[in-house]
Structures are given as C-alpha cells and as structure tokens.
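Work through the exercises below with the sequence and the structure open beside you. Try each task on your own before you read its solution.

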Amino acid sequence: LIHRRANVLYISGLVGCGKTLCVKACLAELKRQSEAASPGEGRGVPSFAVVEVNAAKQCGTPEALYPIVWEQLGPYVEKYPAPLAPKEAARKLEQVFRQGLLKTPALLFVDEVDFLARNRARPTVVFNLLNWPTYPNSPLGLVLVSNETDFL
C-alpha cells in the first residue's frame, strides 16, 4: 500500500491458531495509520478500501465470490452498476483490475480461500484472484487465509 504496488500474502495454519484474528488486527492497525496520516503528506499508509470475504460462510459456490467482492469494491469504481450476477461481476472485476479503474488502493481479504478450490477440476476463481494483483495498473493487495497448505 505504501508504495502503491500490489502484493499477495498467503497464510495457512491449523484450525484455531489465530490466522484470521491476526489478519483482522493488522488490517485494523493499517486503517488506523491510514486515517492518522496527513493528506498530501506523501508518507505513511495511504487511504485504502478493505474487502473482506469468508468464502466458506458467504459463498455457496466458488463463483459466488465475484458478486460479493463487486458489491464491496464497486463503490470505489466509477460508474458502479450493482448488483451483478457472478459471470458479469467476474467480467467487471477483471476489467477494473486490468485497466486500473479503482479510485483507491484496496486490500482483498479472503478467509477460508481453500473453499474456492474444493472442485480441483475448476480452480478458476482462485487463479483469477491470484491474477488480479499482477496487472500493472492494479492497486489490489490480496490476503488469503486457509487451513490447508496445498489446496490447489
């Protein structure tokens, strides 16, 4: 965020060891630092959006992630149409990250990301997630948390 470069952080560990709690505490601290930074100062943590999804609890199917992310991220995009069906949301998100259309940097936190790859024949959603921050104009940081180390 500070250097406006997108990155991916993957955290895995045993159930109940505090992965989600640690990520939420870090996000809260980053938000606090962002809000405390003086506008135009050019230092510190810039203003950013947080999108939080628990894939196991919120996504009936892996593709259901797209409209959930779009709904939370959409207000930071010009000409935001909502709500969208999964295929349309996936297309719009791809366009937003590829063309750098976000008005502010964003952190996407997907807890229980292994749920999105349960059908190993179709891990497309996870691959799309991992691809979004790689676009040159994408201001997206990605934090993925899983109980499994080898879910793909």
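The exercises that follow move from the whole chain to its strands, its aromatic rings and a few single residues, and they all concern a predicted model.

**Exercise 1. The overall plan**

Task: Find how many helices and strands the chain has, and state the pattern that they follow along the sequence.

Solution: Begin with the count of elements, which comes to 5 helices and 4 strands. Next, read these elements along the sequence, and the pattern β-α-β-α-α-α-β-α-β appears. Then turn to burial: of the 152 residues of the chain, 41% count as buried. The exposed surface of the chain is about 8500 Å², and carbon and sulfur atoms supply 55% of it. Finally, consider the contacts in the chain with a separation of 6 or more, of which 70% are made by residues 24 or more positions apart.

**Exercise 2. How the strands pair**

Task: Determine which strands pair with β4, in what sense and over how many bridges, and then find the strand that pairs with β3 in the parallel sense over 6 bridges and begins at residue 49.

Solution: Start with strand β1, residues 8-12, which pairs with β4 in the parallel sense over 5 bridges; within this pairing, Val-8 has Leu-142 of β4 as its bridge partner. Strand β3, residues 106-111, also pairs with β4 in the parallel sense, here over 6 bridges, and the bridge partner of Ala-106 in β4 is Leu-140. Now move to strand β2, residues 49-54, which pairs with β3 in the parallel sense over 6 bridges. In this pairing Asn-54 stands opposite Asp-111 of β3.

**Exercise 3. Two faces of a strand**

Task: Work out which side chains of β4 point one way and which the other way, and do likewise for β3.

Solution: Recall that in a regular strand the side chains alternate between the two faces of the sheet. In β4, Leu-140, Leu-142, Leu-144 and Ser-146 point one way, while Gly-141, Val-143 and Val-145 point the other way, and all are buried. Since 7 of the 7 residues of β4 are buried, this strand is largely enclosed by the rest of the structure. In β3, Ala-106, Leu-108 and Val-110 point one way, whereas Leu-107, Phe-109 and Asp-111 point the other way, and again all are buried. With 6 of its 6 residues buried, β3 is mostly covered.

**Exercise 4. An aromatic cluster**

Task: Find how many aromatic pairs the whole structure holds, and explain why the pair of Tyr-66 and Trp-132 is classed as it is.

Solution: A search of the whole structure gives 2 aromatic pairs. In the pair of Tyr-66 and Trp-132, the ring centres are 6.1 Å apart and the planes stand at 55°, so the pair is tilted. Because Tyr-66 lies in helix α3, residues 65-73, and Trp-132 in the loop between α5 and β4, this pair ties together parts that are 66 residues apart in sequence. Both residues are buried, for Tyr-66 has a relative accessible area of 5% and Trp-132 one of 0%. The rings of Phe-97 and Trp-132 have centres 4.9 Å apart and planes at 35°, so this pair is tilted as well. Phe-97 lies in helix α4, residues 86-99, so its pair with Trp-132 ties together parts that are 35 residues apart in sequence. Phe-97 is buried, as is Trp-132, and the final step is to join the pairs: Tyr-66, Phe-97 and Trp-132 form one aromatic cluster.

**Exercise 5. Single residues**

Task: Explain why Cys-22 and Cys-26 are not bonded, find the ring over which the charged end of Lys-31 sits, and describe the phi of Glu-112.

Solution: The sulfur of Cys-22 has its closest cysteine sulfur in Cys-26, at 6.5 Å, which is too far for a bond, because a disulfide needs the two sulfur atoms within 2.5 Å. The count of disulfides accordingly comes to 0. For Lys-31, the charged end sits over the ring of Phe-48, 4.5 Å from the ring centre. For the last part, recall that most residues other than glycine have a negative phi. Glu-112 has a positive phi of about 55° although it is not a glycine. Glu-112 is placed in the loop between β3 and α5, and it is partly exposed, with a relative accessible area of 26%.

Notes: Residues are numbered from 1 along each chain as its sequence is written. This is a predicted model: local features need pLDDT of at least 70, side-chain atom pairs count only at pLDDT 80 or more; totals for chains, interfaces and linings use all residues. Side-chain values use heavy atoms; hydrogens and water are left out. Rings of Phe, Tyr and Trp (its six-membered ring) pair if their centres lie within 6.5 Å; planes under 30 degrees apart count as stacked, over 60 as edge-to-face and the rest as tilted. Buried means under 20% relative accessible area, exposed over 50%, partly exposed in between (1.4 Å probe, protein chains only). A charge sits over a ring if NZ of Lys or CZ of Arg is within 6 Å of the ring centre and within 35 degrees of the ring normal. Two strands pair if DSSP finds at least two bridges between them. Contact means heavy atoms within 4.5 Å. Accessible areas come from the Shrake-Rupley method with a 1.4 Å probe; for residues, only the protein chains shown count as cover.
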